Amino acid sequence: MEEMLLETHELTKAYGKRNVVDGVNISVKRGAIYGLIGKNGAGKTTFMKMIAGMIRPTDGTYEYKGFKGGNSEAYGKIGALIEIPAIMPNLNARDNMKLKCIAYNHNDDHFITDTLKLVGLGDTGKKKASKFSLGMKQRLGIALALVGNPDILILDEPINGLDPQGIAEVREVLTRLNQERGITIIISSHILAELAKLATDYAIIDNGRIVEVSTREELERKSRNRMIFKCEDSARAAAVLKEAGYTGFEVGDHETIYVYENTDDAPKMNMKICQAGILVNSFDYEVADLEEYFLNTIRSAAASPVTAEAGKEAAV
Ligand code: ATP
C-alpha cells in the first residue's frame, strides 16, 4: 500500500478576516512530486510556509507520517526553498554550501562536491553567486536546501522567471533528486504546463481552496486532444460506437461523448450514430491546452462553489 507522508486536515491561515488558505485537505505520498498550481495570490506560499513549520495555521492541522517524533522530527528532514534563496552574493557556490553546512554541523566536502555536481554547478569555480544567472541561483538554492539530507523538499515557484533551458535544467535536477535520492518533493507554480511531466500528482488551488486534485495519469487523460460529440442520447450513442468496434471514448453527461482514439474516424462515427436514429447536434475537435484546462478548472470552481467543495472532498 502507498505510504502517505503528509496529510493536511482543513488547514487554514487567516490574515485579518480573510482566509488566504481555506480548509485545505491534501495527501502527499512518500516518493511523490506533488505539484501545487495556482495563480499569483492563490495561497501557495502561505500553504508551503505552514507545512514547512515557518508559520502557524489559524485552524486545521497537518501531519507528517512515518516520523516517530511526528512533525517536530519531520521539520529536521525538510529542505525548503520558499521565496528568495538564502544565498550570499559575494561567495562562490562551494563557499555558500560550506557556510550552510557549518550552520547544520554537516561538514562533508564530498557531500558538497556531489551536491553541486548534481545541480549542475560543479564547474563554477570562483565565480561569485552574484554573477550567476537566475537558473544557477535557483539551482544553488536547491543545493542549499539539500544540506542536512532532507527527506522532503518544499520548493516555492523554483522555476518562476526561468527561460525554457533553465526550466529544463531545474526539472532534470528535481527528477534526479526524486529518483536517485528518493526525496519527496512538494513544488508550486502558477503555470501548470511547467510542471507537466515532472509532477506525479497535482492540486489546483484558487482563493486558498483546493479546486481539483489529479494524478499525472488523470491529468494526461483530461488534457488529451479529443473529439466532442453532442447528441440527444450519449448512452445509446456509446453503445453504437462500441458495437462498431471503437473503445477509446468516454461518456460525459447525458448528451456528450469524448473520443480520444481514432479521432480521424469522426465522420464515420457520426454516420453510425445518425444511422442508429440518434440526432447528433455537433462534433468538434478540441486541442488540449494545459493552461486553458487550468484556467477553465478555476473558472468553473468560481462559478460553482459546489465544485470547490467536491474538489475538497476528493482531496481527502
Ligand atoms: P504568489 O505567487 O504571488 O506569492 P501565492 O499563491 O504564493 O502567490 P500567497 O503569497 O500565499 O500566494 O498569498 C496569498 C494571499 O495572502 C495574498 O493575497 C497575499 O497578499 C496574502 N498574504 C500573504 N502573506 C500575508 C501576510 N503576512 N499578511 C497579510 N496578507 C498576506
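User: So helices here are DSSP runs of H or I with at least four residues, numbered from the N terminus. With that settled, what phi does Gly277 take just after α10?

Analyst: In this predicted model, Gly277 takes a positive phi of about 85°, just after α10 ends.

User: Thanks! And which residues of α10 are buried?

Analyst: Helix α10 covers residues 266-275, and its buried residues are Ala266, Met269, Asn270 and Ile273. They sit on the same side of α10, because the arc they cover around the axis is only 100°.

User: What covers them?

Analyst: The cover over the buried residues of α10 includes one helix, α9 (234-243), along with the strands β11 (226-231), β13 (256-259) and β14 (280-286).

User: And which exposed residues are on the face turned away from the buried side of α10?

Analyst: That face of α10 carries Pro267 and Gln275, both exposed.

User: Let's switch to the ligand. Which residues surround the ligand?

Analyst: The shell is made of Tyr15, Arg18, Val20, Lys39, Asn40, Gly41, Ala42, Gly43, Lys44, Thr45, Thr46 and Glu157. By class, three of the shell residues are nonpolar, five are polar and four are charged.

User: Which element gives the most to the shell?

Analyst: Helix α1 does, with three residues. Strand β2 (18-24) and helix α1 (44-51) each supply at least two residues of the shell.

User: Which polar atoms lie by the ligand's oxygen atoms, and how many Å away?

Analyst: A polar side-chain atom of Thr46 lies 2.5 Å from an oxygen atom of the ligand. For Gly41 the contact is through the backbone, with a polar atom 2.6 Å from a ligand oxygen. Asn40 has an N or O atom in its side chain 3.4 Å from an oxygen atom of the ligand.

User: How much of the ligand's area does the protein bury?

Analyst: Taken alone, the ligand exposes 630 Å², and the protein buries 59% of that.

User: Nice. Now α4: which of its residues are buried?

Analyst: Helix α4 (residues 109-118) has Phe111, Ile112, Thr115, Leu116 and Leu118 as its buried residues. Their arc around the axis is only 155°, so they fall on the same side of α4. On the other side of α4, His110 and Lys117 are exposed.

User: And what covers the buried residues of α4?

Analyst: Helices do part of that job: the cover includes α3 (93-103), α5 (134-145) and α6 (164-180).

User: What about the ends? What does the side chain of Asp108 reach at the start of α4, and what phi does Gly120 take just after α4?

Analyst: At the start of α4, a side-chain oxygen of Asp108 comes to within 3.0 Å of the backbone nitrogen of His110. Just after α4, Gly120 has a positive phi of about 80°.

User: Let's zoom out. How many helices and strands are there in the protein?

Analyst: The protein has twelve helices and 14 strands. Its C-alpha trace spans about 75 × 45 × 35 Å along the principal axes.

User: What percentage of the residues is buried, and how much area does the protein expose?

Analyst: Of the 316 residues in the protein, 47% are buried. The protein exposes about 15,800 Å², with carbon and sulfur atoms supplying 50% of that area.

User: Last one: of the contacts between residues at least 6 apart in sequence, what percentage joins residues at least 24 apart?

Analyst: That comes to 69% of those contacts in the protein.

Note on methods. Residues numbered from 1 in each chain as written. Predicted model: local features only at pLDDT ≥ 70, side-chain atom pairs only at ≥ 80, totals over all residues. Heavy atoms only, no water. Buried < 20%, exposed > 50% of the residue type's maximum accessible area, 1.4 Å probe, protein only. Arc of directions from axis to C-beta. Contact = heavy atoms within 4.5 Å. Polar contact = N/O pair within 3.5 Å; in protein donor to acceptor, adjacent residues only side chain to side chain. Near = heavy atom within 4 Å. Areas by Shrake-Rupley, 256 points an atom, 1.4 Å probe, with all protein chains shown as cover. Nonpolar A, V, L, I, M, F, W, Y, C, P; charged D, E, K, R; others polar.
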